[in-house]
Each structure stands twice: as structure tokens, then as C-alpha cells.
Amino acid sequence: MFIFLSGCSLLVPLSMILLGYKWKENPPKDRNGYSGYRTTMSRLNENTWKYAHRYWGKINVALGIILVIITIGILFFAKSNVNFEMIITYLVFAQLLVMALTVIPIEFLLHKHFTKQGVEK
């Protein structure tokens, strides 16, 4: 059970790193598709789309690496704990929260560098 839960707890940070590397240089081609950093501001035009993915990728790679290190540390110290499953559950929800909060700096950067119509300032 330890190995399975350890693998599950690393899915979120590893996907952040993988998608960060992938989308940093090559964002999804279709702005109106089902994948990518899809907010109203990021989908305005090709420039906002590429800009959002470039910075989203950088932030996610950095946060993903940090989360992998933290997760491995927690796994090491929590494996003998009676409530190991509950600790892993809270850990995964915390990771998902961190991933969701990446919207804040990206939207801030988009609004700082582009007008509401998507024109560079």
C-alpha cells in the first residue's frame, strides 16, 4: 500500500513538471480546445496564449520540483505513521491547491503586459 500511495502522491507534482516543460515552449495549438491554460485573458489572441503558457510552464516546473522534494520528505517521515493514508490524502489536496493557485500570478502577468483587448502594453 505504501508504494501505491507514494506513486499517487507524486502524480500531481510530476504532471506539473511534465506539462510545464511541454507547454513552456509548445503551447497547445487550439486556443478553444480542451487542453492548455484556458482563461478568458489567455485565449484572447496568439500572443496572450503563448505568453500565458510560457510563464505558466516556468512557474509549474519550479513548483513541481519543490512539491516533489516536499512530498518525498513527507513520505519518508510519515511512512510509519498510523494515519499514513490520511496524510497522503491531505498532501494530494494541498498539491492540487498549489496547482490551482498558479492562476493568480499568471493572470496578474497577463493583465500587466496586455490590455483587456489583448494588445501588448
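**Entry 1: the core**

I began with the largest nonpolar core, which has 10 residues in all: W23, Y37, M41, Y51, A52, W56, I106, L109, L110 and F114. Helices α3 and α5 each give at least two residues to this core. I noted a general tendency to go with it: in soluble globular proteins, nonpolar side chains tend to be buried together. A reminder to myself before going on: this is a predicted model.

I then looked for another core and found a second, separate one of 6 residues, with L5, L75, A78 and I88 among them.

Next I picked L110 from the largest core and asked which residues it is in contact with, leaving aside its neighbours within four places in sequence. I found Y37, M41, S42, T48, Y51 and A52.

**Entry 2: the chain as a whole**

I stepped back to see the fold. How many helices and strands does the secondary structure come to? I counted 5 helices and 0 strands, and from the N terminus on the elements run α-α-α-α-α.

For the dimensions, I looked up the C-alpha trace, which spans about 55 × 25 × 20 Å along its principal axes. The chain has 121 residues, and 36% of them count as buried. Its accessible surface comes to about 7,700 Å², and 68% of that belongs to carbon and sulfur atoms.

I also checked how the contacts are spread along the sequence. Among contacts with a separation of 6 or more, 67% are between residues 24 or more positions apart.

Last on this page, the charges: the chain has 13 positive and 6 negative ones, and their mean positions are 3 Å apart.

**Entry 3: aromatic rings**

I went looking for ring pairs. A pair of aromatic rings is described by the distance of the centres and the angle of the planes. The structure holds 5 aromatic pairs. One of them is W23 with W56, 5.4 Å centre to centre with 40° between the planes, a tilted pair. Where in the chain do W23 and W56 sit? W23 is in helix α2 (residues 11-25) and W56 is in helix α3 (residues 46-78), so the pair links distant parts of the chain, 33 residues apart.

Are these two buried or exposed? The cut-off for buried is under 20% relative accessible area. W23 has 10% relative accessibility, so it counts as buried. W56 has 9%, so it counts as buried as well.

I then turned to Y51 and F114. Their ring centres are 5.3 Å apart and their planes are at 80°, so I wrote this pair down as edge-to-face. This pair also links distant parts of the chain: Y51 is in helix α3, F114 is in the segment after α5 (103-113), and 63 residues separate them. Both Y51 and F114 are buried. I noted too that Y51, Y55 and F114 form one aromatic cluster.

**Entry 4: two serines in α1**

I moved to helix α1 (residues 2-9), where I found S6. At 10% relative accessibility, S6 counts as buried. Leaving aside neighbours within four places in sequence, S6 is in contact with L75 and F84.

S9 is in helix α1 too. With a relative accessible area of 0%, S9 is buried. Its contacts, again without neighbours within four places in sequence, are T71, L75, I88, L91, V92 and Q95. I also looked up S9 and T89: they are 80 residues apart along the chain, with their C-alpha atoms separated by 8.1 Å.

**Entry 5: R31 and I70**

Where does R31 lie? I found it in the loop between α2 and α3. R31 has 23% relative accessibility and counts as partly exposed. Beyond its neighbours within four places in sequence, R31 is in contact with R38, S42, R43, L44, N45, E46 and W49. I checked one distance from here: the C-alpha atoms of R31 and F76 are separated by 41 Å, with the two positions 45 residues apart along the chain.

I closed the notebook with I70, which is found in helix α3. At 43% relative accessibility, I70 counts as partly exposed. From I70 to G57, 13 residues apart along the chain, the C-alpha atoms are separated by 20 Å.

Technical notes. Residues are numbered from 1 along each chain as its sequence is written. This is a predicted model: local features need pLDDT of at least 70, side-chain atom pairs count only at pLDDT 80 or more; totals for chains, interfaces and linings use all residues. Side-chain values use heavy atoms; hydrogens and water are left out. Rings of Phe, Tyr and Trp (its six-membered ring) pair if their centres lie within 6.5 Å; planes under 30 degrees apart count as stacked, over 60 as edge-to-face and the rest as tilted. Helices (H or I, at least four residues) and strands (E, at least two) are DSSP runs, numbered from the N terminus. Buried means under 20% relative accessible area, exposed over 50%, partly exposed in between (1.4 Å probe, protein chains only). A nonpolar core is a set of buried Ala, Val, Leu, Ile, Met, Phe, Trp, Tyr and Cys residues joined through side-chain atoms within 4.5 Å. Contact means heavy atoms within 4.5 Å. Accessible areas come from the Shrake-Rupley method with a 1.4 Å probe; for residues, only the protein chains shown count as cover. Lys and Arg count as positive and Asp and Glu as negative; His and the chain ends are not counted. The place of a charge is taken as NZ of Lys, CZ of Arg, CG of Asp or CD of Glu.
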